[in-house]
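Student: I am new to this structure and would like a close look at a single part of it, the inside of its main enclosed space. Please go slowly, and end with a glance at the ligand.

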Amino acid sequence: MERVIIRGVGSYVPDCVLSNADLEGMVDTSNEWIVSRTGIESRRICLDTEVTSDLGSRAAEKALENANISVCDIDLILVATVTPDMQFPSTACIIQGKLGCTDIPCFDINAVCSGFVYALDVGRNFLINNSMMKNILVIGAEKMSSIVDWEDRSTCVLFGDGAGAVVLSRNTDTNSEASILDILVGADGHLSQLLYCQGFGVTASGEGERERFIRMEGREVFKEAIKRMCAAVEDILLRNSLTIEDVACVIPHQANMRIISAISERIKIPQEKIFSNLQHTGNTSAASIPIAMDEALQGGHIQSGDLILIVAFGAGATWGASLIRWK
Ligand code: UT7
């Protein structure tokens, strides 16, 4: 069977830092509440003039540089996002234009905070099933600040903007074990009302401008996130006859430090194996895992041959996990 590797990783976050102290001046909140309930200290926010495709194309350029290939070698662009520049065309098409390539297929994927894992699965399947394709750009990019209600203290403290990207390629080194070993994705539509943004959806009615914003039943989402991410980790390890001891680094979706701690306690993952950067990114939805992956690599938390486990949960509800043997 064809094997697929992550050949390069890159990320980009906007320059503007929004601290908890800044939020204290905007809504009735405190640094103490935000840090103790979420672990978040600051997040990056786009300028009004910056859009999701700007973030995504910058992250993609870095991933291409890291993979040491030209954009001309890319055969498909996939973008996981819930904050597209426009309803259509897709942000993937806009990014293709910004990167300066033409003709290759491009499309967006919406699985909210699990979007990057879903896109990784789609990209991997393209490479396995279509011998014409050699390299695929998978991007998670979000301008969450554009759908946050800045008057709602229960959600506005949680989110940030940013993008992460990977280049997926066939593994041509037959001596190497490096590859994406497995990807698991799932969803439960019965939970769709726990976290949503009506936006330009056809069910939008009556509430005017505020329909553009994120609405969340935080406590329920919190419980489901722990339950589903634990199950995803256990399932993917079991079906690959592996245990958590085999894993060198776990990169969970960066939503809330208490969610990450609860997962590590239940599955008995030693703290030093868990990578987290939500302290300075907040929750960047589909961008969260590739941004964290890039930071983990830059910080020396991932070494050649390591087994990496990523796991995500998002609105839908959606979830996903992947086991990756690093190149
Ligand atoms: O990416 C996946 C999507 N999202 C998530 O994973 C988020 C999941 N949920 C959470 O992370 C947590 O539920 C929150 C961080 C959103 C909230 O934490 P919590 O411990 O569940 O708090 P809560 O919603 O139960 O609220 C506790 C209190 C309430 O006051 P009362 O009713 O006890 O008087 C809230 O009104 O905290 C109040 N509160 C705040 N206080 C200060 C809510 N937001 C704030 C705030 N500052 N920003």
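Tutor: What follows looks at the enclosed space and then at the ligand. This is a predicted model, in which local features need pLDDT of at least 70 and side-chain atom pairs count only at pLDDT 80 or more, while totals for chains, interfaces and linings use all residues. Residues are numbered from 1 along each chain as its sequence is written, and side-chain values use heavy atoms, with hydrogens and water left out.

The structure holds three cavities of 30 Å³ or more (on a 1 Å grid over the protein atoms alone, sets of points where a 1.4 Å probe fits but cannot get out), and the largest encloses about 50 Å³ of space. Its lining (residues with an atom within 4 Å of a point) brings together L191, L194, L195, V221 and E224 with F313, G314, A315, G316 and A317. Helix α7 (218-239) and strand β12 (307-314) each supply at least two residues of this lining (DSSP runs, of at least four residues for a helix and at least two for a strand). By character, seven of the lining residues are nonpolar, two are polar and one is charged; Gly counts as polar and Glu as charged in this scheme.

Turning to the ligand, 23 residues surround it, and the closest are T29, R37, R219, N256 and N283 (a heavy atom within 4 Å). Among its polar contacts (N or O pairs within 3.5 Å), an oxygen atom of the ligand lies 2.8 Å from a polar side-chain atom of R37, while a ligand nitrogen atom is 3.1 Å from a polar backbone atom of G218. The side chain of R258 has an N or O atom 3.3 Å from an oxygen atom of the ligand.

Notes. On a 1 Å grid over the protein atoms alone, a cavity is a set of points where a 1.4 Å probe fits but cannot get out, and a pocket is an open set with protein on both sides within 12 Å along at least five of seven lines; lining residues have an atom within 4 Å of a point. Grid points are joined across faces, edges and corners, and a volume is the space filled by probe spheres set on the points. A polar contact is a pair of N or O atoms within 3.5 Å; within protein, one must be able to donate a hydrogen and the other to accept it, and residues adjacent in sequence count only if both atoms are side-chain atoms.
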